[in-house]
Amino acid sequence: MTQKDALLEAPPVDAATPGRAGILAAVCGGGGAGKPGGRCSKARLLPLFGLLLFVGCFLTLRAMQSYAGACRPAAATAAAGGAATLGSIDEMRERIRFRGTNRRLPSCIIIGVRKCGTRALLEFMNMHPKVQAAHGEVHFFDSERYAYGLEWYRKRMPYSFPGQVTVEKSPAYFITDGVPERVRAMNNATRLIVVVRDPVDRAVSDYAQIHANRLAKGKPHATFEAYAVNDYGEVNTSYKAIRIGVYHRHLQRWLDVFPRTQMHVVDGDRLVVDPASELTRIEAFLGLEPLIHADNFYFNATKGFFCLRHDATERCLTDTKGRKHPAINPRVLQKLEDYYRPFNLKFYEQVGRDFNWR
Ligand SMILES: *[C@@H]1O[C@H](CO)[C@@H](O)[C@H](O)[C@H]1NC(C)=O
Ligand SMILES: *[C@@H]1O[C@H](CO)[C@@H](O)[C@H](O)[C@H]1NC(C)=O
Ligand SMILES: *[C@@H]1O[C@H](CO)[C@@H](O)[C@H](O)[C@H]1NC(C)=O
């Protein structure tokens, strides 16, 4: 029995609410619809059926909406497939607003680090029913957009239910002066997540991405070695891809503003080989029920990366992730490892976790 049938079958609620027969009688001028030879013409019944159809449709829509509200907005349940499919699902999410939801300022921000798996981390976290991830990098605190104000920022956030954690990620926050103070001014309870990996690998990955972009635009680009070391074989400390990897320096600016307990550092190398264990730590950090498990991930050998399995759908990151790195002169790599070693030790101490980098 459909909603509409139920409505038609329902007995009168009280005397003031005419039942089916009552309405028909009113429309048909007392004769009754089923009565042979009654005064009920087709023309007179038309508006009645229109009204019933309308009420039926309304009730069905309400029921569908309540059902959707009981589930979570689509989130990471996006169908497997390329960026195009995901794009349109994200757009759909933007248009659909579920009852009881609102756009909220993020209570958790992935602040960096570039090329350490921030996108993957956000997608992984978004599998959790209590997490709503912002689409794209908002770059609010590190750009002129800050002048647009918090209301502008809030409108860039996804709809969420009360009690859900809204998460945004913009990797440049980690390295940009003044951002910790701005985030604190928004909400001093904001929880911060930083993903890191071996700074030498990170620098090469950073170079590889910029190199690929420049090649695609037909612009010249020197080798990694030419940027990373000078003519005397010394590390070029003004090269941005090198500077970003001096993690302890950037982290200190955050620790000057936020307590350590509000920051969580994710091992980006482990995030690739054992995503579930890193996600369990994040769930604990955010006070969320541990719901993400190893069977939510599967390894795609072609990509050399994990894909997500969630609510019977599967999806992988887009092809720009997991790009092949150029072979780097081993002497240059050695130079960089030596350069980073003391900085890495300081970072391990700050964080209270040994990442065992080279
Ligand atoms: C954080 O902000 C709240 C007001 O939102 C204030 O009451 C509290 O003292 C602040 N905490 C710290 C450590 O500044
Ligand atoms: C060092 O890096 C800077 C910034 O990327 C670059 O302009 C400069 O040419 C590099 N120096 C050397 C000696 O490669
Ligand atoms: C694995 O990755 C390749 C290359 O991106 C892709 O074409 C393929 O569909 C993926 N397979 C699965 C099962 O996700």
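Two strands count as paired if DSSP finds at least two bridges between them. Keep that in mind for the exercises below, which work through a predicted model.

**Exercise 1. Work out how the strands S8, S9 and S10 are arranged: what is their order, and is the pairing parallel or antiparallel?**

Step 1. Start with the order. The 3 strands make an open sheet that reads S8-S9-S10, and the pairing is antiparallel.

Step 2. Find the edges. Strand S8 (297-300) and strand S10 (313-315) each pair on one side only, so to speak the rims of the sheet.

Step 3. Check the twist. On average, neighbouring strands in this sheet are turned by 30° against each other, direction ignored.

Step 4. Look at one pair up close. S8 and strand S9 (residues 305-310) are joined by 4 bridges in the antiparallel sense. Asn 300 has Phe 305 in S9 as its bridge partner, and Phe 299 stands opposite Phe 306 in S9.

Step 5. Finish at the turn. The hairpin of S8 and S9 has 4 residues between the strands, and there Gly 304 takes a positive phi near 70°.

**Exercise 2. Lay out the sheet of 5 strands: what is its strand order, and is the pairing parallel or antiparallel?**

Step 1. Write down the order. This open sheet runs S3-S5-S2-S6-S7, with parallel pairing.

Step 2. Mark the edges. They are strand S3 (131-133) and strand S7 (263-267), each pairing on one side only.

Step 3. Add the twist. Neighbouring strands here are turned by 25° against each other on average, again ignoring direction.

Step 4. Walk across the sheet, pair by pair.

- S3 and S5 are parallel and share 3 bridges; Val 131 stands opposite Val 165 in S5.
- S5 and strand S2 (residues 108-112) also pair in the parallel sense, over 3 bridges, with Ile 110 opposite Lys 169 in S5.
- S2 and S6 run parallel and are joined by 4 bridges; the partner of Ile 109 in S6 is Leu 192.
- S6 and S7 pair in the parallel sense over 5 bridges, and Ile 193 stands opposite His 264 in S7.

**Exercise 3. Explain why S6 is largely enclosed by the rest of the structure.**

Step 1. Count the buried residues. In strand S6 (residues 191-196), 6 of the 6 are buried, so the strand is largely enclosed by the rest of the structure.

Step 2. Split them by face. One side carries Arg 191, Ile 193 and Val 195, the other Leu 192, Val 194 and Val 196; all are buried, and both faces are covered.

Step 3. Try the same count on S5. There, 4 of the 5 residues are buried, so S5 is largely enclosed too.

Step 4. Move to the nonpolar core. In the largest one, with 56 residues, Leu 121, Val 194 and Val 195 touch the most other members. Leaving out residues up to four places away in sequence, Leu 121 touches Ile 110, Val 195, Val 266 and Leu 271.

**Exercise 4. Classify Pro 162: is it buried or exposed?**

Step 1. Locate the residue. Pro 162 lies in the loop between strand S4 (159-160) and strand S5 (165-169).

Step 2. Apply the cut-off. A residue is exposed if 12 or fewer other C-beta atoms lie within 10 Å of its own. Pro 162 has 8 of them within 10 Å, so it is exposed.

Step 3. Look for a partner far off in sequence. Asn 102 is 60 residues away along the chain, yet the C-alpha to C-alpha distance to Pro 162 is 8.0 Å.

**Exercise 5. List the residues around ligand 2 and sort them by class: how many are nonpolar, polar and charged?**

Step 1. Name the shell. Around ligand 2 sit Ala 226, Tyr 227, Asn 230, Asn 236, Ser 238, Tyr 239 and Lys 240.

Step 2. Sort by class. The shell has 3 nonpolar, 3 polar and 1 charged residues.

**Exercise 6. Sum up the whole protein chain: how many helices and strands does it have?**

Step 1. Take the secondary structure. The chain comes to 14 helices and 10 strands.

Step 2. Add burial. Of its 358 residues, 28% count as buried.

Step 3. Add contact range. Among the contacts with a separation of 6 or more, 70% come from residues 24 or more positions apart.

How values were computed:
Residues numbered from 1 in each chain as written. Chains lettered and ligands numbered in written order. Predicted model: local features only at pLDDT ≥ 70, side-chain atom pairs only at ≥ 80, totals over all residues. Near = placed C-beta within 6 Å. Nonpolar A, V, L, I, M, F, W, Y, C, P; charged D, E, K, R; others polar. Core = buried A, V, L, I, M, F, W, Y, C linked by C-beta atoms within 7 Å. Buried ≥ 20, exposed ≤ 12 C-beta atoms within 10 Å, placed from the backbone. Contact = placed C-beta atoms within 7 Å. Helix = DSSP H or I, 4+ residues; strand = E, 2+ residues; numbered from the N terminus. Axes fitted to C-alpha atoms, helices over the stretch in contact; angles between N-to-C directions.
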